[in-house]
Amino acid sequence: MASILRVNTLTDASSNNSTAMSTINQGTAKAWLNFNGTGTIAARDSFNFSGLTDVSTGNYTVTMSSAMGNTNYSFSGGAAESSALGGSRVINFGSNFDSGTLDPNFTTTAYSVNAFFCNSDGQEFDVTFIATQILGDLA
């Protein structure tokens, strides 16, 4: 039989530091993903993740298992490359770097990641290490 613990506030043993459950719920990551964006792309580890699509060079679509409440969620992430090919890489969320337009795959259940060089031409590039995090309200 399952148990339910219902509380409004969590506090430490001395009751000096307390946090409302709503703060804990709002402040936790709702989805995160660490993936290999080169060759046959694959997740290394994840939470609330159900799919990963290699759209084109440096362009990926990530699909979440549970939908967000709207498309106003917060996203962050980073990229790292193990090859000696020159230039730092960055990632962009929810838009296509080439056209500067909102990606049609940016929805409550999916978001796009676009990886490219930081240099002046912004060439798109498959990246070895990409990690993303999503915060906001689940549906």
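## The largest cavity

The largest cavity holds about 30 Å³ of space. The structure is a predicted model. The count comes to one cavity of 30 Å³ or more.

## Lining residues

Nine names make up the wall of the largest cavity: Ala 31, Trp 32 and Leu 33, then Phe 47, Asn 48 and Phe 49, followed by Val 62, Met 64 and Tyr 111. In character, the lining comprises eight nonpolar residues, one polar residue and no charged residue.

Two strands, E3 (31-36) and E6 (59-64), each contribute at least two residues to this lining. The greatest share comes from E3, which supplies three residues.

## Pairing of strand E12

Strand E3 is also a partner of E12: the two run antiparallel and are joined by five bridges. Leu 33, a residue of the cavity lining, stands opposite Thr 132 in E12.

Strand E12 pairs with strand E7 (residues 74-80) as well, again in the antiparallel sense, over seven bridges. Here Gly 77 has Thr 132 as its bridge partner in E12. Thr 132 therefore faces Leu 33 under the bridge criterion for paired strands, and Gly 77 is likewise bridged to Thr 132.

## Side-chain alternation in E12

The side chains of E12 (residues 129-135) alternate between two faces. Ile 130, Thr 132 and Ile 134 point to one face and are buried. Phe 129, Ala 131, Gln 133 and Leu 135 point to the other face and are not buried. Thr 132, the residue opposite Leu 33, thus belongs to the buried set.

Technical notes: Residues numbered from 1 in each chain as written. Predicted model: local features only at pLDDT ≥ 70, side-chain atom pairs only at ≥ 80, totals over all residues. Heavy atoms only, no water. 1 Å grid on protein atoms, 1.4 Å probe; cavity = no way out; pocket = protein on both sides within 12 Å on 5 of 7 lines; lining within 4 Å. Points joined across faces, edges and corners; volume = space filled by probe spheres on them. Helix = DSSP H or I, 4+ residues; strand = E, 2+ residues; numbered from the N terminus. Nonpolar A, V, L, I, M, F, W, Y, C, P; charged D, E, K, R; others polar. Buried < 20%, exposed > 50% of the residue type's maximum accessible area, 1.4 Å probe, protein only.
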